Amino acid sequence: MAAYVPVPWVSPLLYAAVLVGGLYYTLAGLAPGTAPPLWRTAGFAAGLAVLVALETVERRGIRRGIPVRAYLPMAARTGLITGVVALDTSGLAQALFVLLPFTAYFVYGRGVALALAALCVAGLLTGYALTEPGWHREVERVSDLLMLCVGLILALSMAAVAIGEQRGRRALERYAAQVAELSAAAERNRLARDIHDSLAHHLTAVSVQLQIASEFRVLQPDSAQRAVDEARLSVKRALGDVRQSVRALRDEESHRSLTAMLAGLARDGEERPRVTVQVDGTEDGYGPAELTALYRAAQEGLTNARRHAQASRVTVAVVLAADAARLVVTDDGRGFTPNGAATGFGLVGMRERVHLVGGSVHIDSGPGRGTRLTVTVPRGHREEGVT
């Protein structure tokens with residue numbers, strides 16, 4: 001069992017109560033017979049002072065990270081309490097025995113605490129049996145025994161409640177650390193998807209246009225110049241996406257409509273492939289997460305058609321219905337095997353983004369027959385992480 005921290009105010013309060021009660025009992029002359037000798041009263045007070053000092057040293061050690069599980073303090077506390085009880089003439093010091101199982105509960109666990117509680121009761125019974133044979137017929141002795149038992153029960157109950165509270169707080173701290181770690185991982189994955197979906201798309205367009213410019217710069221200078229201009233435009237769009245990502249990190253992101261974002265895709269790379277966009281329905285009821293997932297899916301489909309499929313025509317169709325939105329991206333490229341090993345980070349990130357808003361992704365493709373990407377996103381979905 002991991003060591004827990006004892007409740008700091010219990011022991012000092014009990015020591016103070018016993019000290020005040022014992023001194024009052026002596027000074028008021030309540031003890032039967034002659035007054036106890038001065039050395040006995042001084043020893044009683046000194047023993048309590050040493051106990052307070054021991055508590056202080058232990059508490060400082062706990063704050064400095066020194067392990068609580070130490071046999072010497074418990075043994076010293078047991079000996080000191082026994083001595084204080086022997087020197088006390090009022091009998092109040094017997095209440096200090098409840099501190100032994102109380103402290104042991106935090107340091108050694110419930111089993112040791114219960115054993116010490118039983119030993120305290122057994123020790124008191126043994127003392128009564130040896131010194132007062134007829135103690136069981138004396139109301140005062142029976143009352144003292146019952147009060148000790150009640151005190152032990154309350155002390156053990158208090159220790160159990162305190163340990164339960166500390167255990168719950170530690171579990172909450174671990175849970176908070178796990179949540180922070182998962183949140184950081186989710187944020188890293190989101191940034192990775194954003195980098196791929198935005199920069200990779202534009203860099204692909206730049207690469208295609210520069211390749212066109214390189215191939216036609218001698219035979220068709222005008223076409224080469226147009227390709228260079230398109231490359232410059234793609235670079236500007238990439239810078240715009242970077243700025244938008246920075247605004248999102250600063251919670252300053254302003255969301256454009258899905259229709260406007262898809263229209264921007266249709267203008268990317270005007271010559272090849274030719275992109276047709278059609279949007280039906282209203283965006284009302286769809287949050288930024290759902291609309292962004294649809295846009296990134298369309299962007300990924302177009303990027304793959306341009307980079308890998310060698311498509312000449314791409315159709316992007318979106319239907320925003322009352323219950324769900326449906327995106328279909330179709331190209332006439334060479335196709336691929338959807339479940340093959342060549343599936344890259346873009347498709348993985350797209351699936352993650354769509355699944356985070358409770359949507360689904362279906363890819364219908366094959367060698368030589370183009371690709372059809374279908375994405376469905378529910379309307380009004382708000383619970384992130386639902387798949």
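The following exchange concerns Asp331 and its strand in a predicted model.

Colleague: Where does Asp331 lie, and what makes that segment a strand?

Modeller: Asp331 belongs to strand S3, residues 324-331. The segment is called a strand because it is a DSSP run of E.

Colleague: Why is Asp331 said to have no salt bridge?

Modeller: A salt bridge requires a side-chain nitrogen of Lys or Arg within 4 Å of a carboxyl oxygen of Asp or Glu. The nearest side chain of opposite charge, Arg334, is 9.1 Å away from Asp331, so the criterion of 4 Å is not met. Asp331 is nevertheless buried.

Colleague: What makes the approach of Asp331 to Gly333 a polar contact?

Modeller: The side chain of Asp331 reaches the backbone nitrogen of Gly333 at 2.8 Å. The cut-off for a pair of N or O atoms is 3.5 Å, so this pair qualifies.

Colleague: Which residues does Asp331 touch, leaving aside those up to four places away in sequence?

Modeller: They are Ala305, Ala309, Ala311, Arg313, Val314, Gly370 and Thr371.

Colleague: How do you know that S3 pairs with S2 and with S5?

Modeller: Pairing needs at least two bridges. Seven bridges join S2 (residues 313-320) to S3, and eight join S3 to S5 (residues 371-378); therefore both pairs satisfy the definition. S2 and S3 run antiparallel, as do S3 and S5. For example, Val318 has Leu327 in S3 as its bridge partner, while Ala325 has Val377 in S5.

Colleague: How many residues separate S2 and S3 in their hairpin?

Modeller: Three residues lie between S2 and S3.

Methods. Residues are numbered from 1 along each chain as its sequence is written. This is a predicted model: local features need pLDDT of at least 70, side-chain atom pairs count only at pLDDT 80 or more; totals for chains, interfaces and linings use all residues. Side-chain values use heavy atoms; hydrogens and water are left out. Helices (H or I, at least four residues) and strands (E, at least two) are DSSP runs, numbered from the N terminus. Buried means under 20% relative accessible area, exposed over 50%, partly exposed in between (1.4 Å probe, protein chains only). Lys and Arg count as positive and Asp and Glu as negative; His and the chain ends are not counted. A polar contact is a pair of N or O atoms within 3.5 Å; within protein, one must be able to donate a hydrogen and the other to accept it, and residues adjacent in sequence count only if both atoms are side-chain atoms. Contact means heavy atoms within 4.5 Å.
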